[in-house]
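Reader: I have not seen this structure before. Please take me through it by question and answer.

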Amino acid sequence: MDTPDQHPRSHLFTVRVWQEEVGHDQTEWRGKVQLITDGNVRYFRGWEALVPLLLTMLSEVETRTSPNP
């Protein structure tokens, strides 16, 4: 008998990005990432921070959904 997969194979995020002025004629990309299934929200500064943030959030989801031994 097949049992349903306990871990989803995909996760749905929304990513909102904007440029914010940080000094005279200087801007910086900033963003907000929200995991739709549980509402978890995180913010980032700079594009280089987006992928590590997503990986951290995914790791946290996997930790929360892993069965306890």
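Reader: Is Glu60 buried, partly exposed or exposed?
Author: This is a predicted model, and the answer is a value computed from it. Buried means under 20% relative accessible area and exposed means over 50%. The relative accessible area of Glu60 is 26%, so Glu60 is partly exposed.

Reader: Which side chain does Glu60 meet in a salt bridge?
Author: A salt bridge needs a side-chain nitrogen of Lys or Arg within 4 Å of a carboxyl oxygen of Asp or Glu. For Glu60 the N to O distance is 2.7 Å, and the partner is Arg42.

Reader: Where in the chain do Glu60 and Arg42 lie, and how many residues apart are they?
Author: Glu60 is in helix 1, which covers residues 50–65, while Arg42 is in strand 3. The pair therefore links distant parts of the chain, and by the cut-offs of under 20% for buried and over 50% for exposed, Arg42 is partly exposed at 26% relative accessibility. The separation in sequence between Glu60 and Arg42 is 18 residues.

Reader: In what order do the elements of the chain run?
Author: The chain has one helix and three strands. Read from the N terminus on, the order is β-β-β-α.

Reader: In which sense do strand 2 and strand 3 pair?
Author: Strand 2 spans residues 26–35 and strand 3 spans residues 41–45. Five residues sit between these two strands in a hairpin, and Gly39 in the turn has a positive phi of about 80°. Over five bridges, the sense of the pairing is antiparallel.

Reader: Which residue in strand 3 stands opposite Arg30?
Author: Arg30 counts as buried, because its relative accessibility is 17% and the cut-off for buried is under 20%. The residue opposite Arg30 in strand 3 is exposed, with a relative accessible area of 52%. That residue is Arg45.

Reader: With which residue does Arg30 form a salt bridge?
Author: General chemistry gives the background: side chains of opposite charge can pair when their charged atoms come close. For Arg30 the closest N and O atoms are 2.7 Å apart, and the partner is Glu28.

Reader: What does the salt bridge between Arg45 and Glu28 tie together?
Author: The side chains of Arg45 and Glu28 meet at 2.9 Å, N to O. Arg45 lies in strand 3 and Glu28 in strand 2, so the pair ties together parts that are 17 residues apart in sequence.

Reader: Which residues do salt bridges that share partners join into one network?
Author: Glu28 has a salt bridge with Arg30 and another with Arg45. Glu28 is partly exposed, at 21% relative accessibility. Through shared partners, one network joins Glu20, Glu28, Arg30 and Arg45.

Reader: Is Gly31 buried or exposed?
Author: Gly31 has its place in strand 2. Not counting residues up to four places away in sequence, Gly31 touches Arg16, Val17, Trp18, Arg42, Tyr43 and Phe44. Its relative accessibility is 1%, so Gly31 counts as buried.

Reader: How far apart in space are Gly31 and Tyr43?
Author: Tyr43 is among the residues that Gly31 touches. In sequence Gly31 and Tyr43 are twelve residues apart, and from C-alpha to C-alpha the distance is 5.6 Å.

Reader: What percentage of the residues in the chain is buried?
Author: The accessible surface of the chain comes to about 5,600 Å², and carbon and sulfur atoms account for 53% of that surface. Of the 69 residues in the chain, the buried share is 17%.

Definitions and conventions
Residues are numbered from 1 along each chain as its sequence is written. This is a predicted model: local features need pLDDT of at least 70, side-chain atom pairs count only at pLDDT 80 or more; totals for chains, interfaces and linings use all residues. Side-chain values use heavy atoms; hydrogens and water are left out. Helices (H or I, at least four residues) and strands (E, at least two) are DSSP runs, numbered from the N terminus. Buried means under 20% relative accessible area, exposed over 50%, partly exposed in between (1.4 Å probe, protein chains only). Accessible areas come from the Shrake-Rupley method with a 1.4 Å probe; for residues, only the protein chains shown count as cover. Two strands pair if DSSP finds at least two bridges between them. Contact means heavy atoms within 4.5 Å.
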